[in-house]
Amino acid sequence: MSYIYVGIDDTDSPDGMCTTYLCALVIQRLKDKGFTIEGYPRLIRLNPFARFKTRGNGGVSFKFPKEQFKDHDLNEAKKIILDAVEELAMFDCDNTNPGVVFYDGEITEEMEAFAYKALHSIITIEEAEEFAEHIGAEIHKFKKGRGIIGSIASMSCKLTDYTYELLAYRLKENRGTKRHIDYDSVVRMDKLTDTFENIDGDYLAIEPNTPCPVLYGIRANDPESLKKAQKIVINGEEVERYCIYLTNQHTDMHLEDAKDIASMKQYSSYIVEGFVKDKPHTIEGGHLFFTLGDESGSIECAAYEPTKDFRKIVARLRPKDKVKLYGGIGKENTFNIEKFQVLKLNNIAYRNPKCPECGKTLTSAGHNKGFKCKHCGYILRDSSKVPYEISRQLKEGKFYETPVSARRHLAKPLVRMDLSD
Ligand code: ATP
């Protein structure tokens with residue numbers, strides 16, 4: 001079957017709108033006019049370090065089976081989409097630069113490579129424009145039109161792993177007001193359905209804390225679980241519409257295997273192995289840091305304040321522990337940890353020897369001068385400390401992750417990982 005693909009991105013601002021809402025509305029308008037959309041629309045999260053993102057750097061797309069345009073007017077469909085962007089995008093915001101892309105053809109390997117690049121590095125508007133011309137895609141730029149980057153990436157992204165998200169949208173008059181989702185109903189929904197990332201203690205993860213049109217978003221591995229979950233949640237207000245998206249959220253698709261520390265670049269995300277080089281330490285504001293090293297170099301790693309109790313786990317690391325870190329390098333050039341696996345623990349600590357005469361612990365007699373006993377005056381010329389084994393509060397092989405409240409859309413939660421080995 002041949003398709004015409006549609007990508008939309010960059011229509012929202014921190015003050016309102018959401019590109020997923022615009023897309024859901026567009027799909028409804030298209031269906032009302034007799035157009036057919038195949039499958040679920042896509043919500044593809046791109047590089048979390050892209051500079052101009054509003055929140056989660058998501059681009060949306062959907063596809064029309066092409067045969068319908070024998071007796072339906074494609075231009076009418078395009079007009080419905082472009083008019084909706086004109087009508088709803090938050091044009092007043094400097095950082096809102098919508099882009100709409102129409103593409104008639106097969107998704108090629110070079111398009112998949114473009115999407116891969118949009119997940120792992122930074123793409124310019126010019127580059128996206130040239131690429132669109134190269135593949136013969138039709139682009140519509142509003143203002144700077146930066147959204148064409150996410151639009152092309154969304155339709156092109158190869159989904160080797162995927163999840164689904166059901167989004168419920170608020171009536172216009174309720175947007176910007178406090179949401180009243182019933183907490184207990186979400187706890188019930190969490191227990192009764194195969195969904196994830198719903199709650200984190202008192203924090204309702206399904207509820208955004210922005211004035212956008214989204215009332216809630218529920219995530220699962222399959223659409224059926226979402227439909228079941230939707231029936232359990234008590235909304236506290238009327239829902240204008242629902243839309244289920246096929247998405248790359250919670251797949252770790254933004255992570256590349258790093259060859260070594262020196263080869264990692266800023267604004268990219270990696271899985272990297274190395275040794276802890278210093279004792280983790282906290283700075284003002286509650287951010288926790290330590291240095292990770294390998295033969296190629298070293299990098300400062302961070303568990304920032306919003307990761308809450310995750311910091312306490314990271315703080316248990318000791319120098320010479322071998323770990324595998326998952327995360328990315330942001331603006332400050334530090335590696336922002338999303339989760340980690342303990343590969344090998346350094347369980348050996350060293351202490352001063354005991355006095356062979358009186359049994360008290362010896363103290364240093366100065367650098368390389370051995371030890372002396374303050375109690376009985378015994379002198380030991382050997383400066384070697386005595387190794388001993390310590391117990392650790394971390395387990396070799398085990399993964400530790402940030403709490404739901406601080407987790408990236410793209411980060412694969414441990415509940416989705418195959419940890420059977
Ligand atoms: P929301 O999650 O609420 O939809 P958002 O965080 O997705 O908002 P956008 O308003 O879509 O933010 O803005 C992100 C912008 O960054 C878009 O214009 C998109 O085309 C662009 N973009 C996406 N990936 C990259 C990348 N790898 N390099 C440069 N720009 C990118």
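## Close-up views of a predicted model

**Figure 1. The largest nonpolar core.** This core has 46 residues, and the ones with the most contacts inside it are Phe-114, Ile-181, Met-189, Tyr-216 and Ile-218. It isn't the property of one domain: domain 1 (3-156) and domain 2 (163-247) each supply at least three residues. There is also a second, separate core, with 37 residues, and Tyr-21, Phe-35, Val-60 and Ile-80 are among them. As you look around, keep in mind that the whole model is predicted. As a rule of thumb, nonpolar side chains in soluble globular proteins tend to be buried together.

**Figure 2. Zooming in on Ile-218 and Gln-230.** Which residues does Ile-218 contact, once we leave aside its neighbours within four places in sequence? The list runs Tyr-164, Glu-165, Leu-166, Met-189, Thr-195, Asn-198, Ile-206, Leu-226, Ala-229, Gln-230 and Val-233. Now hop over to Gln-230, which sits in helix H7 (residues 223-232). Not counting residues up to four places away in sequence, Gln-230 touches Leu-166, Tyr-216, Ile-218 and Tyr-242. Follow the chain for 50 residues from Gln-230 and you get to Pro-280, with 43 Å between the two C-alpha atoms.

**Figure 3. The sheet of nine strands.** Here is an open sheet with its strands in the order E5-E4-E1-E3-E2-E11-E6-E10-E7, and its pairing is mixed. Strand E5 (138-141) and strand E7 (195-196) are the edges, each pairing on one side only. Take a look at the E7 end: E7 and strand E10 (residues 214-220) pair in the antiparallel sense over two bridges. In one of these strands, E10, you'll find Ala-220, the bridge partner of Thr-195. In general, strands of a sheet pair through backbone hydrogen bonds, either parallel or antiparallel.

**Figure 4. The sheet of three strands.** This open sheet has the order E20-E21-E22, with antiparallel pairing. The edges are strand E20 (363-364) and strand E22 (379-380), and each of them pairs on one side only. Strand E21 (residues 371-372) pairs with E22 in the antiparallel sense, over two bridges. Which residue of E22 is the bridge partner of Lys-372? That would be Ile-379.

**Figure 5. Helix H5.** How many of the 10 residues in helix H5 (residues 147-156) are buried? The count is 10 of 10, and the helix is described as mostly covered. Walking along H5, the buried residues are Gly-147, Ile-148, Ile-149, Gly-150, Ser-151, Ile-152, Ala-153, Ser-154, Met-155 and Ser-156.

**Figure 6. Rings and their partners.** The aromatic pairs add up to 15. In one of them, Phe-64 and Phe-69 meet edge-to-face, at 5.3 Å centre to centre with 85 degrees between the planes. Is Phe-64 buried or exposed? Phe-64 counts as buried, because its relative accessibility is 1%, under the 20% cut-off. Phe-69 is buried too, with a relative accessible area of 16%. Ring pairs also link Phe-35, Phe-62, Phe-64 and Phe-69 into a cluster. Elsewhere, arginines join in: Arg-146 lies over the face of Phe-52, at 3.6 Å from the ring centre. Arg-175 does likewise with Tyr-21, lying over its face at 4.5 Å from the ring centre.

**Figure 7. Two loop residues with positive phi.** Asn-57 has a phi near 45 degrees, a positive value in a residue other than glycine. You'll find Asn-57 in the loop between strand E2 (38-45) and strand E3 (58-65). Asn-57 is buried, because its relative accessible area is 15%, below the 20% limit. The other one is His-250, whose phi is near 60 degrees, again positive in a residue other than glycine. His-250 belongs to the loop between strand E11 (239-247) and strand E12 (255-257). With a relative accessible area of 0%, His-250 is buried.

**Figure 8. The domains, and the space between two of them.** The domain assignment gives domain 1 (3-156), domain 2 (163-247), domain 3 (255-347 + 392-416) and domain 4 (351-386). What separates the centres of domain 3 and domain 4? Taken over C-alpha atoms, the distance is 38 Å.

Note on methods:
Residues are numbered from 1 along each chain as its sequence is written. This is a predicted model: local features need pLDDT of at least 70, side-chain atom pairs count only at pLDDT 80 or more; totals for chains, interfaces and linings use all residues. Side-chain values use heavy atoms; hydrogens and water are left out. A nonpolar core is a set of buried Ala, Val, Leu, Ile, Met, Phe, Trp, Tyr and Cys residues joined through side-chain atoms within 4.5 Å. Buried means under 20% relative accessible area, exposed over 50%, partly exposed in between (1.4 Å probe, protein chains only). Domain bounds come from an automatic or database domain assignment. Contact means heavy atoms within 4.5 Å. Two strands pair if DSSP finds at least two bridges between them. Helices (H or I, at least four residues) and strands (E, at least two) are DSSP runs, numbered from the N terminus. Rings of Phe, Tyr and Trp (its six-membered ring) pair if their centres lie within 6.5 Å; planes under 30 degrees apart count as stacked, over 60 as edge-to-face and the rest as tilted. A charge sits over a ring if NZ of Lys or CZ of Arg is within 6 Å of the ring centre and within 35 degrees of the ring normal.
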